[in-house]
Structures are given as structure tokens and as C-alpha cells.
Amino acid sequence: MFGNIYQNKKVLVTGDTGFKGSWLCSWLLLMEANVYGLAMDIPTEPAMFSVNDLDKRVKHTFADIRDLKAMAHIIGSIKPDFIFHLAAQPIVKASYDDPVTTMSTNIMGTTHVLEAIRQSNHPCNVVMITSDKCYDNVEWVWGYREHDALGGKDPYSASKGAAEIVIKTYYHSYFKKPESPVKLCSVRAGNVIGGGDWAANRIVPDCIKAWSEGNAVEIRSPQSTRPWQHVLEPLSGYLRAGQMLAIQSNLNGESYNFGPSADQNQSVLELLTALSTYWHFQAGAEKYKVYENPGFHEAGLLKLNCDKALAQLQWKPTLTFEQTTRMTANWYDAYYNNSGTDMAAFTAAQIEEYIQFAKTVNQAWTL
């Protein structure tokens, strides 16, 4: 898997206490990587990081990516072989409530990580994770390509577009040089779901929290469509990008989109209906209520074109919508409805299940 490139390697995951970061650490540990992590805090209670006992399995440091001195010390001390930068302020609504923190974290935090890598100047393969929201969304019906315009009408989207510009600047100014020991790429994904996400103002965590308490979930715009994907889909892309970056120098400085199949675009209502088939409801229980006026602007349809990832990384999506929702619901069902479940082992089993699905569609990274 991934050519065993991560086995016994030092891998640093920024934002390891978050939803995607915790899944990534769990996968890296299965591949026998030496996993290091840093994050400012544990962002939710409960949290995937704690539920999976990653505090005992990852060499974690609490640090703020807005602190350049701390970033330089951590990266310079570890000298990781690979860095996956996920640490960010990830919530659109929170960006409206506190745009300064969003900008300082997502723009200057990204700058500090890159500057710390530049100062360390050791051989390293760096995968910088931003978001599909980095694109200037004009709500057209086809997918955005890696060279399309960056931008954003809300603070979160603007911060991600700006982060991409910072990444491009560091590549051209420092890491493009033949003598540079650092290689990097940026990767973009969105509308990620899966077990272990408890962030506020996200449809699946809101849904599961309400249902676990016997309540109907309040939703807005039930007919809004999104290209939903399971968290393991983009993570397989990130890991594939890191692998190929390490063995192909011509990928240095590139950007990649990771998203579901073009026809996998379901409404919020379809998502809730699919998830509800795996939940235990009392007869006649109300599953959802619709409310209006969320109080902030949300972009409409935003799809990614993933042809470049297929051409250069031989990556393609693996899961169907049914598999995505079933795996998501099953994880939460195990946590809430089957007391005593070893969630670290359950998470590992879902990663193994995903790998088996990937082998059936001949994913190149399974070799």
C-alpha cells in the first residue's frame, strides 16, 4: 500500500486532533509510520482524537500554528520525512463570527508552517491541505480545475484562496530551486463526511447529535445538493500525493483536487434519508425539521474536476454514495448504540474495509 513509503518514516500531521487529522493519523499508524502531531487544542468533546486513543499513540505537541517560533522549533527538531498540513479554522459560520482568527490561522498559520520548513531546510515531502472553497465559486455546473481562479465571498473561502497563494509563493521563491531539499504540493477537497466528526454547524454531526438525544435535526435548505465524500477518499488522495511527490520530482509545486464521481451529487434530504436507514428510531419519530434564514451566506453548488489527479497520480474515487453513508452511520452507531466498542479497532477495521473496496476498483495506491 502506497509502496510502503510511510513505513518507519517520520510523518508530522498538523491539526492531528481534528476530524480529518485523526483519521489520517489512524491510517498512518496502520502503515507503521512514526506519527508526530501538533494542534492548538482538542477542538470538540467528544473528539475522534480521544475516542481513538491517539493521545497515547501519536507523539503529539500542543502548539499554535500562528506561533512561528514554536513551528520552527517543532519542525526543526523532528525533521519529518513527510508533513501533512491540515491545521486550520475549518468552519464557515465561525469565519463570519471571528474573521480575524480565521484569517490569522488559515493564512499566517500556513505561512508559519512553510517558513519553519524553509528554515529547517531538510529533505521533506510536504502536502498542504486547503479546501475546495479556495476557488472563486461562480456556481457553474461543471467542476473547478486546479488552474481556475482562486477567491471567496466569505471569510473562510477567502482565507483558503489566500493560503493557496502563500503556498504558490513559497514554492516559486524557495522550493522550486534545484538545490532545495523540500518538495511540496497543495490538495483540495470538500463536503467530507464520516464517523468521528463532532464539529458544530455541519450537517452530519448536527444530525447524529440530535438523533442520539432522541430529537429531530434542524436543517436548512433540504434540497441543496453537495458532492458528498467519505473522509477516507481525500485522505487516500493526500497519501498518494505524498507518495508520488517523494518519488517523482516533477510533481513539486503541483495542486490536486480530490472529490467523488461527477454523478455523485445528492441533496441534504437524500443524505439524511440514507443515514437514517442505519439508525434506530422509535416508531413515528420525527427525523428532521426545516428552518429558514441561517444568518450567513453559503455558496451553492461547488464541484471539483479530478482529472489531473487521475492523470498524474492515478487516483480516482472508490466509494458509492451508499457505501459512504453506510460506513458513516455504522461508525456512529457503534459509538452511540454499542457500548464497549473499541473505537480505535473499529476505525482500523473501516480503513481496512475501504482498502478492500479500493482493490476491487484497481486503485494504484493499493500496491
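# A first walk through the model

Ser 267 sits in strand β12, which covers residues 266-267. That's our way into this structure, which is a predicted model. Is Ser 267 buried or exposed? With a relative accessible area of 5%, Ser 267 is buried, because the cut-off for that label is anything under 20%. Look past the neighbours within four places in sequence, and you'll find Ser 267 in contact with Pro 222, Gln 223, Ser 224, Thr 225 and Trp 228.

## Stepping back

Now for the whole chain. The protein chain holds 13 helices and 13 strands. Measure along the principal axes, and the C-alpha trace spans about 65 × 45 × 40 Å. How does that fit with the number of residues? A compact globule of 367 residues would have a radius of gyration near 21 Å, and the protein chain has 20 Å, so the two agree.

Plenty of the chain is tucked away: buried residues make up 56% of the 367. The accessible surface comes to about 15100 Å², and carbon and sulfur atoms account for 51% of that. As for contacts, take those between residues at least 6 apart in sequence: 81% of them join residues at least 24 apart. On the charge side, there are 32 positive and 37 negative charges in the protein chain, and their mean positions lie 7 Å apart.

## Strands side by side

Strand β6 runs over residues 182-188 and is mostly covered, with seven of its seven residues buried. Which residues of β6 point which way? Val 182, Leu 184, Ser 186 and Arg 188 face one way, while Lys 183, Cys 185 and Val 187 face the other, and all are buried. So what does β6 pair with? Its partner here is strand β5 (residues 124-129), and the two pair in the parallel sense over six bridges. One of the places to look is Ile 129, whose bridge partner in β6 is Val 187.

Asn 125 is also part of β5. This residue is buried, with a relative accessible area of 11%. Leaving out residues up to four places away in sequence, Asn 125 touches Asp 81, Phe 82, Ile 83, Lys 183, Leu 245 and Ala 246. Lys 183 is a name you've already met, as one of the buried residues of β6.

Another parallel pair is β1 with β2, joined over five bridges. Val 11, for example, has Val 35 in β2 as its bridge partner. β1 is mostly covered too: four of its five residues are buried.

## Over to helix α11

Ala 309 belongs to helix α11. Its relative accessible area is 0%, so Ala 309 counts as buried. Which residues does Ala 309 touch, not counting those up to four places away in sequence? They are Tyr 256, Asn 257, Phe 258, Gln 314 and Trp 315.

Here are two C-alpha to C-alpha separations for residues we've visited, each set beside the separation in sequence.

| Pair | Apart in sequence | Apart in space |
|---|---|---|
| Asn 125 and Gly 18 | 107 residues | 21 Å |
| Ala 309 and Ser 77 | 232 residues | 33 Å |

## A few backbone oddities

Most residues other than glycine have a negative phi, and most peptide bonds are trans. With that in mind, some spots are worth a look.

Gln 314, one of the residues that Ala 309 touches, has a positive phi of about 55° although it is not a glycine. You'll find Gln 314 in the loop between α11 (307-313) and α12 (321-337). At 34% relative accessibility, Gln 314 counts as partly exposed.

Asn 4 is also not a glycine, yet has a positive phi of about 55°. It is found in the segment before β1 (10-14). Is Asn 4 buried or exposed? Asn 4 counts as exposed, because its relative accessibility is 52% and the cut-off for exposed is over 50%.

Then there's a peptide bond to check: the one from Glu 45 to Pro 46 is cis, with omega near 0°. Pro 46 itself lies in the loop between β2 (34-39) and α2 (48-51).

Methods. Residues numbered from 1 in each chain as written. Predicted model: local features only at pLDDT ≥ 70, side-chain atom pairs only at ≥ 80, totals over all residues. Heavy atoms only, no water. Rg over C-alpha atoms; globule rule 2.2 N^0.38 Å. Buried < 20%, exposed > 50% of the residue type's maximum accessible area, 1.4 Å probe, protein only. Contact = heavy atoms within 4.5 Å. Areas by Shrake-Rupley, 256 points an atom, 1.4 Å probe, with all protein chains shown as cover. Lys, Arg positive; Asp, Glu negative; His and termini not counted. Charge placed at Lys NZ, Arg CZ, Asp CG, Glu CD. Pairing = 2+ DSSP bridges.
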